[in-house]
Amino acid sequence: MHELIDVKPFPDKASRKSFTGGTVESERIALRYLTHGQGGALMAQVRFGAGSEGAPKRAHGGAVLTVLDEAMGAACWVRRMPVLTARISAAFRRGVPLEADLTVETAIVRETPRLIFVTSRLIDAKGGLYAEAEGSFARLRPDQVAATFG
């Protein structure tokens, strides 16, 4: 088993005002990105705070989808493949409890010259599945990265 390494997949300027990635004290969504060793698969530790509540004591589906989307994009960015989301499809398997320590697993499954296809799963420590998604992400040219992220 490889050591887990903290990573920051997105350009610093772009991530400072992100809806996700704050601390639990922010009461929204706390996200921490890690890889399994150098260049390994990206995962995220996530906790949904009270500010992400939908149904009582459960994270809003939009908040869950946001985390899955961001993690899939991060899986590309951490491999130096800048992207923006093109399409996402998700399945919600059960309600996501607030304040629970959960994990997002990602996998890049296919690449074309224009698109990168990624999957993600939101699970608990026992492997219980809460939600899963697949998405296609449009590659950005260097001039598009500069224009979008500065």
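Among contacts between residues at least 6 apart in sequence, 62% join residues at least 24 apart in this predicted model. The chain holds three helices and seven strands, and their order along the sequence reads β-α-β-β-α-β-β-β-β-α. Of the 150 residues, 39% are buried. The accessible surface amounts to about 8,600 Å², with carbon and sulfur atoms contributing 52% of that area.

Aromatic side chains make a good next stop on the tour. The count of aromatic pairs comes to three. One of them joins phenylalanine 10 and tyrosine 33 in an edge-to-face arrangement, with 6.3 Å from centre to centre and 80° between the planes. This pair links distant parts of the chain, since its members are 23 residues apart: phenylalanine 10 sits in the loop between strand S1 (4-6) and helix H1 (12-15), while tyrosine 33 belongs to strand S2 (residues 29-36). Tyrosine 33 counts as buried because its relative accessible area is 7%, under the 20% cut-off. Phenylalanine 10, at 22% relative accessibility, is partly exposed. Ring pairs connect Phe10, Tyr33, Trp77 and Phe149 into a cluster.

Rings also meet charged side chains. Arginine 94 is placed over the face of tyrosine 130, 4.1 Å from the ring centre. Arginine 110 lies over the face of phenylalanine 117, likewise at 4.1 Å from the ring centre.

A glycine in a helix rounds off the picture. Glycine 62 is part of helix H2 (residues 61-77), and its relative accessibility of 33% makes it partly exposed. The C-alpha atom of glycine 62 is separated by 8.7 Å from that of serine 52, ten residues away along the chain.

Terms used. Residues are numbered from 1 along each chain as its sequence is written. This is a predicted model: local features need pLDDT of at least 70, side-chain atom pairs count only at pLDDT 80 or more; totals for chains, interfaces and linings use all residues. Side-chain values use heavy atoms; hydrogens and water are left out. Helices (H or I, at least four residues) and strands (E, at least two) are DSSP runs, numbered from the N terminus. Buried means under 20% relative accessible area, exposed over 50%, partly exposed in between (1.4 Å probe, protein chains only). Contact means heavy atoms within 4.5 Å. Accessible areas come from the Shrake-Rupley method with a 1.4 Å probe; for residues, only the protein chains shown count as cover. Rings of Phe, Tyr and Trp (its six-membered ring) pair if their centres lie within 6.5 Å; planes under 30 degrees apart count as stacked, over 60 as edge-to-face and the rest as tilted. A charge sits over a ring if NZ of Lys or CZ of Arg is within 6 Å of the ring centre and within 35 degrees of the ring normal.
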